[in-house]
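Could you guide a newcomer through this structure with a few short exercises? Please give each task together with a worked solution.

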Amino acid sequence: LFRSGEAAAYLAAQTSSEIVAIDISEKFILEARKRHSASNLRFECLNLLEPLPPDLGQFDLTCGNGILHHLVLRLPEFLTVLKQATTPGGSIAFVEPNLLNPYCAFLFGTQFGRKFGRLDPDEMAFTPGQLYGAFQQTGWLDIKVVTKDFLLPGLPEMLVRPSLFIEPLLEATVLTRWLAQSHFVTAQA
């Protein structure tokens with residue numbers, strides 16, 4: 001949701017398919033409903049680790065950005081629920097932080113970084129193998145974990161263009177690709 005529904009609104013504008021955006025926070029859902037409306041868009045306040053409402057149905061694509069790293073301790077359970085909510089042959093796509101990236105390693109792997117980032121006690125970034133293993137353990141198929149994206153949060157504006165220029169070069173080589181900030185995970189139910 002990006003806390004105010006921009007991603008869901010963008011998806012709804014790109015397709016005629018029904019888009020259902022879910023967040024555990026009623027505050028965020030109310031804000032998203034105020035900001036965005038479309039005939040194919042709805043916002044639901046749900047905790048996906050509780051029994052799903054029977055009218056929720058199944059989805060062809062389930063996606064999220066920066067959600068799984070908040071659920072590390074319950075990741076297998078959460079991925080199982082997402083698989084049940086995805087149609088057979090449907091897909092999942094998530095973007096999650098890369099623990100091997102130096103900034104992410106500092107943020108998630110040090111006491112000072114965790115305090116600086118105001119992280120929850122159980123919040124943790126992933127290595128590619130950890131993500132792949134969690135998806136495999138919960139029965140997802142055709143799992144791909146692609147590490148890319150060298151733009152860091154809070155990067156000064158003057159460094160954005162140079163970063164975008166050099167990013168494809170860094171992503172194209174095995175020697176530097178593993179340093180990227182994000183894992184892009186896709187799989188099929």
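The exercises below go through the sheet, the helices on it, the salt bridges and a few single residues. Keep in mind that this is a predicted model.

**Exercise 1: Lay out the sheet**

Find the order of the strands in the open sheet, and name the edge strands.

Solution. Step one is to read off the order: the four strands follow one another as β3-β4-β6-β5, and their pairing is mixed. Step two is to look for strands that pair on one side only; these are β3 (59-65) and β5 (141-148), the edge strands. Step three adds the twist, which averages 10 degrees from one strand to the next.

**Exercise 2: Follow the pairing of β6**

How many bridges join β4 to β6, and how many join β5 to β6?

Solution. Begin with β4 (residues 86-97) and β6 (residues 182-188): the two run antiparallel and are joined by seven bridges. Two examples can be picked out in the model. Ser-91 has Gln-188 of β6 as its bridge partner, and Glu-96 has His-183 of β6. Now turn to β5, which also runs antiparallel to β6. Here six bridges make the connection, and Lys-148 is matched with Ser-182 in β6.

As you trace these strands, a general point may help: in a regular strand, side chains alternate between the two faces of the sheet.

**Exercise 3: Place two helices on the sheet**

Which strands does helix α3 touch, and which strands does helix α6 lie across?

Solution. Take helix α3 (residues 75-84) to start with: it packs on the sheet and touches β3 and β4. Its direction makes about 140 degrees with that of β4. Next comes helix α6 (residues 128-137), which lies across β4, β5 and β6. Relative to β5, helix α6 runs at about 160 degrees.

**Exercise 4: Trace a salt-bridge network**

Starting from Arg-35, work out which residues are joined by salt bridges that share partners.

Solution. Start from the general idea that side chains of opposite charge can pair when their charged atoms come close. A search of the whole structure finds seven salt bridges. One of them links Glu-6 and Arg-35, with 3.3 Å from N to O. Glu-6 belongs to helix α1 (residues 6-14) and Arg-35 to helix α2 (residues 26-35), so this pair ties together parts that are 29 residues apart in sequence.

Arg-35 also forms a salt bridge with Glu-31, where the closest N and O atoms are 2.8 Å apart. Both of these residues lie in helix α2, four residues apart, which is about one turn of the helix.

Putting the pieces together, salt bridges with shared partners join Glu-6, Glu-31, Lys-34 and Arg-35 into one network. For the accessibility of three members, Glu-6 is partly exposed at 34%, Arg-35 is partly exposed at 48%, and Glu-31 is partly exposed at 29%.

**Exercise 5: Examine a pair of charged residues**

Are Lys-144 and Asp-142 buried, partly exposed or exposed?

Solution. First, locate the pair: the side chains of Lys-144 and Asp-142 meet in a salt bridge of 2.8 Å, N to O. Then compare each relative accessible area with the range for partly exposed residues, which lies between 20% and 50%. Lys-144 has 40%, so it is partly exposed. Asp-142 has 46%, so it is partly exposed too.

**Exercise 6: Contrast two residues of helix α7**

Why does Leu-169 count as exposed, and why does Ser-163 count as buried?

Solution. Leu-169 is found in helix α7 (residues 157-172), and Ser-163 lies in helix α7 as well. The cut-offs needed are over 50% for exposed and under 20% for buried. Leu-169 reaches 57% relative accessibility and therefore counts as exposed. Ser-163 has a relative accessible area of 16%, so it is buried.

Now look at the surroundings. Leu-169 forms a nonpolar surface patch with Phe-165 and Ile-166, and together they have about 350 Å² of accessible area. Ser-163 touches Leu-151 and Leu-155, leaving aside residues up to four places away in sequence.

**Exercise 7: Link two distant positions**

What separation do the C-alpha atoms of Asn-65 and Val-95 have?

Solution. Find Asn-65 in strand β3; it is partly exposed, with a relative accessible area of 41%. Val-95 is 30 residues away along the chain, yet the two C-alpha atoms are separated by 4.8 Å.

How values were computed. Residues are numbered from 1 along each chain as its sequence is written. This is a predicted model: local features need pLDDT of at least 70, side-chain atom pairs count only at pLDDT 80 or more; totals for chains, interfaces and linings use all residues. Side-chain values use heavy atoms; hydrogens and water are left out. Patches are made of residues with over 30% relative accessible area and no salt bridge: like charges are joined within 9 Å, nonpolar side chains (Val, Leu, Ile, Met, Phe, Trp, Tyr) within 5 Å. Accessible areas come from the Shrake-Rupley method with a 1.4 Å probe; for residues, only the protein chains shown count as cover. A salt bridge is a side-chain nitrogen of Lys or Arg within 4 Å of a carboxyl oxygen of Asp or Glu. Buried means under 20% relative accessible area, exposed over 50%, partly exposed in between (1.4 Å probe, protein chains only). Two strands pair if DSSP finds at least two bridges between them. Axes are lines fitted to C-alpha atoms, for helices over the stretch in contact, and angles run from 0 to 180 degrees between N-to-C directions. Contact means heavy atoms within 4.5 Å.
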